[in-house]
Each structure stands twice: as structure tokens, then as C-alpha cells.
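Student: Please take a close look at a single part of this model and explain how it sits among its surroundings. One connected answer is fine, and the rest of the chain can serve as context.

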Amino acid sequence: MNNIILIEDEVKVAEFIRTGLDEAGYDVDVFHDGESGLKAALERTYDLYLLDWMLPGVDGLEICKQVRDKFPAAGIIMLTARDDMEDKISGLDQGADDYITKPFAFEELLARVRSLQRRASSPESNFLQVKNLRLDILKRKTWIGDKEIFLSNKEYDLLYFLMQHVDKLVTREMIAVNVWDIDFDTGTNYIDVYINYLRKKLNDSSKCPVIYTVRGTGYILKSKND
């Protein structure tokens with residue numbers, strides 16, 4: 001993950017980040033507006049996309065969506081002063097891998113870049129399969145048997161996490177941290193909402209795994225239906 005595009009309209013912030021990444025051994029292309037940044041982001045494949053949320057022309061959320069659609073395996077980190085949970089969920093649901101709130105220490109950003117780098121380079125099969133449910137990890141596609149199932153980015157991430165822990169209990173706290181990268185708030189039900197989205201899209205026949213609710217705790221994706 002050595003080639004990085006940074007789209008940040010605050011020139012001093014962009015230079016601060018670029019300088020630090022250069023010193024850490026990364027090649028960085030910098031753009032200061034959404035339109036030129038989006039054009040560059042889609043013209044070539046970068047290992048990592050650092051996107052400011054509030055940009056002139058095209059905002060970072062739209063850039064994130066288009067990049068994720070064209071380059072499913074790309075690493076994307078959103079940079080923003082927005083820190084409301086709804087904003088975090090919105091950014092992550094458009095396909096961002098991580099989210100860092102301004103102001104931040106460069107060391108924190110660098111740690112998150114390295115974390116994505118380790119994730120991208122970890123040895124892993126290109127597919128996950130449980131019964132007749134199959135995920136293509138690189139293309140971020142889902143099938144039940146020969147039928148492709150169309151999931152949103154966050155539905156896919158949630159299903160991927162459940163399939164990684166098949167037949168094991170995953171708590172809501174685990175899902176919040178690993179899928180949404182935020183602390184779980186017991187006063188919200190967004191995880192339950194996305195679980196229901198998945199259930200509606202997955203075939204509940206005997207050949208497809210079922211997502212079971214463990215009341216008050218979390219969920220289990222079972223390879224054998226009761």
C-alpha cells in the first residue's frame with residue numbers, strides 16, 4: 001500500500017499529511033477539490049484513498065462511493081471534522097474502511113494506514129463459503145448457489161464478518177467495532193436493522209445458513225440449521 005491519493009481542500013492540512021507520508025516511504029498525489037480529485041481517483045488505481053468529507057465541487061462521500069464501486073478492493077479512509085455517529089455510519093456505509101476525526105495526530109493516521117496495509121497483505125482465500133452462500137472477497141460479490149445477491153457495502157461487510165465467525169457467537173459490541181469501527185451504543189438499533197436487511201436478502205432454505213439471534217447478546221451465523 002505505497003501509492004496514496006489525498007484529496008483535502010485545506011492546503012496546510014494536506015501538506016502536513018503529505019510530508020509525513022513521504023517521510024514514512026509512501027508516494028502521495030494531492031488534490032484540493034472534489035472534481036479534480038475524483039477524476040484522478042478514477043483514472044488510476046491507488047492502494048489507499050484519503051478523502052476529506054467536505055470538499056468543494058464533489059464531496060468526499062460521493063468520491064468514496066464511486067471509488068468503491070470501481071475499485072472494490074481499495075483502501076479508503078475518510079478525514080473529517082464530523083464526529084456524530086450518524087455521520088460515521090453514513091461514511092462507512094458508502095464503502096469507507098476507516099474514519100478519522102479532525103484534528104488528529106499524524107501518528108494516529110499512520111497507524112490506521114499501516115493497519116489497512118496489513119489487512120490487504122494478509123494471506124487469505126479469495127472466497128468464503130458457508131453451505132451454498134459464497135462471497136468473492138476481491139470483487140465484493142455475493143451468491144446463493146448460482147444466483148447473485150446484491151448487497152450494500154455495509155451489508156456485505158456485516159455478512160463477511162459473520163461468515164468469518166461461522167457457528168460462533170458475535171456480540172453487538174464485536175460487530176460495532178469490527179464492521180462499523182465505532183463503540184457500540186446500547187441506545188441505537190442500527191446493527192439489528194442491518195441484520196434484518198441481510199435476513200430479507202438471504203434465502204432461508206435448508207441449503208443457506210441462517211442468522212440466529214441470541215437474545216440480549218448478539219448473533220450466530222449457523223452452518224447447520226436447527
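**Helix H6 and its surroundings**

Tutor: The buried residues of helix H6 are Asn153, Lys154, Glu155, Tyr156, Asp157, Leu158, Leu159, Tyr160, Phe161, Leu162 and Met163. Everything said here refers to a predicted model. Because eleven of the twelve residues of H6 are buried, the helix is largely enclosed by the rest of the structure. For the chain as a whole, buried residues make up 46% of the 226 residues.

The length of H6 can be checked against its residue count. At 1.5 Å a residue, its twelve residues should span 16 Å. The C-alpha atoms at its two ends lie 17 Å apart, which agrees.

Next, the aromatic side chains. If ring centres within 6.5 Å are taken as a pair, the count comes to seven aromatic pairs. One of these is formed by tyrosine 156 and tyrosine 160, whose ring centres are 6.2 Å apart with 20° between the planes. The pair counts as stacked because planes under 30 degrees apart fall in that class. Both tyrosines belong to H6 (residues 153-164), and since they are four residues apart there, about one helical turn separates them. Tyrosine 156 counts as buried at 3% relative accessibility. Tyrosine 160 is buried too, with a relative accessible area of 18%, and the cut-off for that class is under 20%.

A second pair joins tryptophan 180 and tyrosine 190, at 5.1 Å centre to centre and 70° between the planes, an edge-to-face arrangement. Tryptophan 180 lies in helix H7 (residues 172-180) and tyrosine 190 in helix H8 (residues 190-201), so this pair ties together parts that are ten residues apart in sequence. Tryptophan 180 is buried, with a relative accessible area of 0%, and tyrosine 190 counts as buried at 9%. Trp180 and Tyr190 also belong to one aromatic cluster together with Tyr194 and Tyr197.

H6 has a link to this cluster through a charged side chain. Lysine 154 lies over the face of tryptophan 180, at 5.8 Å from the ring centre. Lysine 154 is one of the buried residues of H6. Another such arrangement is found at tyrosine 212, where the charged end of lysine 222 sits over the ring, 4.4 Å from its centre.

Now the packing of H6 on H8. Two packed helices are described by the angle between their axes and the distance between the axes. For H6 and H8 the angle is about 85° and the axes are 10 Å apart. H6 is therefore roughly perpendicular to H8. On the H6 side the residues that meet H8 are Lys154, Glu155, Leu158, Leu159 and Leu162. Their partners in H8 are Tyr194, Ile195, Tyr197, Leu198 and Lys201. Tyr194 and Tyr197 therefore appear twice, as members of the aromatic cluster and as residues of H8 that meet H6.

Helices H2 and H3 give a second case for reference. H2 (residues 34-43) and H3 (residues 60-70) pack with their axes 10 Å apart, at an angle of about 10°. That makes H2 and H3 roughly parallel to each other. Gly34, Leu38, Ala41 and Leu42 of H2 make the contact with Ile63, Gln66, Val67 and Lys70 of H3.

After H6 comes a loop that leads to strand S10 (170-171), and aspartate 167 lies in that loop. Aspartate 167 has a positive phi of about 65° although it is not a glycine. With a relative accessible area of 43%, aspartate 167 is partly exposed. Lysine 131, in the loop between strand S6 (127-130) and strand S7 (133-136), likewise has a positive phi, of about 55°, without being a glycine. Lysine 131 is partly exposed at 31%.

As for the wider setting, the chain comes to eight helices and twelve strands. Of the contacts in the chain with a separation of 6 or more, 57% are between residues 24 or more positions apart. Isoleucine 17 in helix H1 (residues 11-23) is a buried residue with a relative accessible area of 0%. Setting aside residues up to four places away in sequence, isoleucine 17 touches Leu6, Leu50, Leu79, Phe104, Phe106 and Leu109.

Note on methods
Residues are numbered from 1 along each chain as its sequence is written. This is a predicted model: local features need pLDDT of at least 70, side-chain atom pairs count only at pLDDT 80 or more; totals for chains, interfaces and linings use all residues. Side-chain values use heavy atoms; hydrogens and water are left out. Rings of Phe, Tyr and Trp (its six-membered ring) pair if their centres lie within 6.5 Å; planes under 30 degrees apart count as stacked, over 60 as edge-to-face and the rest as tilted. Buried means under 20% relative accessible area, exposed over 50%, partly exposed in between (1.4 Å probe, protein chains only). A charge sits over a ring if NZ of Lys or CZ of Arg is within 6 Å of the ring centre and within 35 degrees of the ring normal. The expected span of a helix is 1.5 Å times one less than its number of residues. Axes are lines fitted to C-alpha atoms, for helices over the stretch in contact, and angles run from 0 to 180 degrees between N-to-C directions. Angles under 35 degrees count as roughly parallel, over 145 as roughly antiparallel, 65 to 115 as roughly perpendicular and the rest as oblique. Contact means heavy atoms within 4.5 Å.
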